[in-house]
Amino acid sequence: MAPKGATVEQLESQTAKLKLENTTKRDTLIDWENKYQKKWEDEHIFEVNAPLEDMSMDELREKYPKFFGNMPYPYMNGALHLGHAFTLTKVEFTTAYERLKGKRTLFPMGFHCTGMPICASADRLAREIELFGKNFELPAEEEEATATPEQKKSPVAHEDVTKHGGKKSKLAAKTAAVKYQFQIMQSLGIPREEIHKFADAKYWLEYFPPLCRQDCTNFGLGIDWRRSFITTDANPYYDSFVRWQVNKLHDSGKIKFGERYTIYSEKDGQPCMDHDRKSGEGIGPQEYTGIKMEVCEFPEAAKTDLASVDLNGKKVFMVAATLRPETMYGQTNCYVGPSLTYGLYASNIPDEYFICTPRAAKNMAFQKLSAERGVVTELAQLKGEHLVGALVKAPYSVYDKVRVLPMETVLATKGTGVVTSVPSDSPDDYATLADLRKKCEYYHLNPEWLKNDPVAIIETKAYGKMCAETLCQKLKIQSPKDVKQLAQAKELAYKECFYQGVMIIGEFSGDKVEVAKPKIRADLIAKGLAFAYNEPEGQVISRSGDECVVALCDQWFLDYGEKSWKELTLKALDRLNTFSPEVRNGFRKTLDWLSQWACARSYGLGTRLPWDPQFLVESLTDSTIYMAYYTIAHLLQGNPYGSAPGLLNIKPEQMTPAVWDYVFCQKAKPTDSTIPDEALERLAREFQYFYPFDIRVSGKDLVPNHLTFCLYTHAAIFDEKFWPKGIRANGHLLMNGEKMSKSTGNFMTLHEACKKYGSDATRVALADAGDTVDDANFEEATANAAILRLYTQEAWSREMVEKKDTLRDGPYNFHDTVFDNELNQIIELTDAAYSVTAFKTALKHGFYDLQNARDWYREVTADKQMHRDLVRRFMEVQTLLIAPIVPHWSEHIWSAVLGNSGSVRLARFPELTHPVNTMLTNSLAYVRNLTRVIREAEAAQLKRQKKGKGMLFDPSKPRRLTVYVAEKFPEWQAQYVKLMQQHYNEKENKFADKAIIAGVEKKEMKRAMPFIQQFKQTLLNRSEHVTAESLFSRELGFNELTVLNEVKPYLLRSVGIKELRVVLLKTPADNATQFTGVVESGEQAGETIDVAANFANALPGQPTFLFENVSA
């Protein structure tokens, strides 16, 4: 699937502006990248198949372990950006690591084309061609007015602006105010004279997939491209697979037909699901109860507004939308927004009119509440202030008729614009009524309209019978302007009344509110006093630019939430590795609320519903189990379009439902199939070997839809052994600490990043960006620094290989052994990090810490040279540990520098030469800490000297360093160590502080508590290789004197001293005032000397030291 023409270059012009000061090192790295990408492609490194040996599947997997990773296929309406790359690296790093661990790893990727976005964009282009011609020649003044700042500077911007994924990739977030679709296409780097081709939706399918593949290849991804495919019925094999999938769901009763409320686009003439939206992803219908409040008396101003309408024999209702129908007993009035515009609308019942906002009327028109579906018949408009004073009937209220009053906070964008007032239980209503009563004259209100007092309707333990009044007093709410407190009060009132409240009025008095609420609602509707009304929870804009409504539609829907299916899906979730508790909680919350989901549409690209071909399968329905299709795609199709047969020479029409059942559901082999048995068995074998997938990586925004649908559909169709093993969700990607946005210029495509920094440096920055579900951060400074580090490390490696004969050989000395042990420790830590997809940690250990270890080893052996074998081992370990993250650099070191045969991508993860030796680890930490403390003391003395303060020694003259070493810990500390051990919870890594304090005598507090605090901090903040038991035992695990003797040459050289003297402190008697020690080295070796008290407080592993000037 070669790219068409120079389309990649068309996306490159913006990259040309992103230049580094000196690109020589970067260009060298990119040359290596190009070289090894070709090598991997020529050698088919990433093409992997199921073994063909004749043995059971369990035996086959035991002998040839596998790993299958994937991510949601990207949408084909633009170039990949760094957000895509971030998710891609999670799969790439994992599969590359598992390959190093000896597994057959599969990483495939398809191209998503299903749904509305491509069709909507193509249709807009077709309309613009009709207006402006094939070259989109706008009038000059409009050309200037509609151009973005980037377009005024250059015809090219950064990236696709119609990507349909998470919230950060919506058109609104990435464009600056472009008016036309062709301008969006220009921002993708497409010449204006070629844009007309995209008016054909099929052209998108030909144009963008090759670009996606090339970007991924240039990024060094280990993808098996044989298994790629485009979605929609343009690929007959994939189309057959989707038809089989939805037939299975339909036949098992999971797909049903009926009326349901759904988000709907009038312009598109179909439901608008998440992937069809420009904004408002995740928003669903909100169900209200529409209360019909018959108008008994209009004010004069309203009569004037309605003068042109014949109301004789007609009933007019003000319609209030409420979420709390159980509170209707307590209505004292109703509210309207005085500044809002209302309308009088014909309803679905002859001679009945509704008063509400135009937005509400439009929603009602699609819910069988108007005379004609989708038609809003507005008879008149009324100003909200003209309705104030109207007299209306209040269903179920103790006050049969109530007045309409003004409320400034009524919104035109929520509900119907008419609000029932229940001041006993609504803090907003209570505060507004109290304010109106105080300022009756100011609002020009008749005091008689405000005479109805709140009525007790619900009793709660927390707030009594007047919930709203109690909360307003408690939170000190003085007026409707106390918005923050009112929001808090509203939440508290709703929760307390619904879950703890008991009705104390009406037919259902004595019932809990949560029991009475649905009964009261049903009763109101049955008596014709109310009706069901729905509207979107928030604003939803379709990709065609239409503000959506809620419609009651006859449609095919998936019955997510059905009890038995949900239980099966919960079982699948329990077995799933979610890599973080936040993701598992996200799944559980989604399963709690998710129910029916429209699975068909009439507009867009996709597969036709087999039993009702007027509809297409919705894009979040046909993308739930395609991961299974990856396992056999290369055997069925000869290219991503399915225009030619694959390896088994099977035609699309041969893939009957019975064949799919045999391959994926282990049903009986179809006797009427024209596919040879050997080919059928190969298909089934390939699926059963690689499935289930081991990890699927996605943005966290797909947990509430796609990823949960994935679990549901797997549970419905596949045997348990093929259910997903792992789903990992990550946060969105920031860039340089800020949200990525085209309009601000803080944005970069994957292509641009690889051009600017090279793929390996980009991968380093992405690995360093973060691994949690919180938003990660791509730092350009990190990528830039990686270029220098990789280049410098390669130069050093070449130098070491060239001068290997000058390096030391023979037996290992102390420093060799310690370095070899540290290599083993870092291998172990990096392995552990990779195994849990903690790539930032893996990079830290396997790249930065390892190089720091090498630097230390080089420094401590400067007088004797490094050991040849260890230098070679370091280079191999370094190469292998970071091969998943920087594969091109690693391949270069592995083959060109070290001269190893084969590809580093097929090598094996480094093994430990021996188990990690804690004694050596502790010895190394001891020496490093001692060196640091000594240097800090020297620096402090120099600082004192500069400030003219008293000098303890002259740093410019010869010095002697005396290190005072303690033989054992003070006896008095032992009892407190034992006390802390008794009250330590190792599982939670916590101490019971109160119990510890209670165990210390008052007279010992001054001495004991500082020690206890210090010991606790040491234990709580210990490194991964240090156990709590080893700290409680208070054993160093190494001989302090021996280690000091080994590092003596290094300390003399490093610290720049003339003499090093080590003194072993003698254990003093209790209450001793004189301290002594024995000199262990130097001219005074064996002598006992007096030691000042401030140097005698050394502890094992924590020596004290003294600098003194000595004669030259």
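This passage looks at a helix and its neighbours, a small set of paired strands, and one residue in a strand.

The model is predicted, so local features need pLDDT of at least 70 and side-chain atom pairs count only at pLDDT 80 or more, while totals for chains, interfaces and linings use all residues. Residues are numbered from 1 along each chain as its sequence is written, and side-chain values use heavy atoms, with hydrogens and water left out.

A good place to start is helix α16, which spans residues 467-474; helices (H or I, at least four residues) and strands (E, at least two) are DSSP runs numbered from the N terminus. C467, A468, L471 and C472 of this helix are buried, where buried means under 20% relative accessible area, exposed over 50% and partly exposed in between, with a 1.4 Å probe and protein chains only. Viewed down the axis of α16, the buried residues fall within an arc of 125 degrees, so they line one face of the helix; the arc is that of the directions from the helix axis to the C-beta atoms. Q473 and K474 are exposed on the face turned away from the buried side. Just after α16, K476 has a positive phi of about 55 degrees.

The cover over the buried residues of α16 includes α15 (427-438) and α17 (483-500). These two helices, α15 and α17, pack at an angle of about 130 degrees with their axes 8 Å apart. Axes are lines fitted to C-alpha atoms, for helices over the stretch in contact, and angles run from 0 to 180 degrees between N-to-C directions. The angle makes α15 oblique to α17; under 35 degrees counts as roughly parallel, over 145 as roughly antiparallel, 65 to 115 as roughly perpendicular and the rest as oblique. In this packing, P427, D428 and A431 of α15 meet L486, A489, K490 and A493 of α17, contact meaning heavy atoms within 4.5 Å.

Turning to the strands, an open sheet of mixed pairing has three of them in the order β26-β25-β27, two strands being paired if DSSP finds at least two bridges between them. β26 (738-739) and β27 (776-778) are at the edges with a single partner strand each, so one side of each lacks a neighbour in the sheet. β25 (residues 733-735) pairs with β27 in the parallel sense over three bridges, and M735 stands opposite F778 in β27. Helix α4 (residues 82-100) lies across β25 and β27, at about 130 degrees to β25.

Finally, I355 sits in strand β10 (residues 352-356) and counts as buried at 0% relative accessibility.
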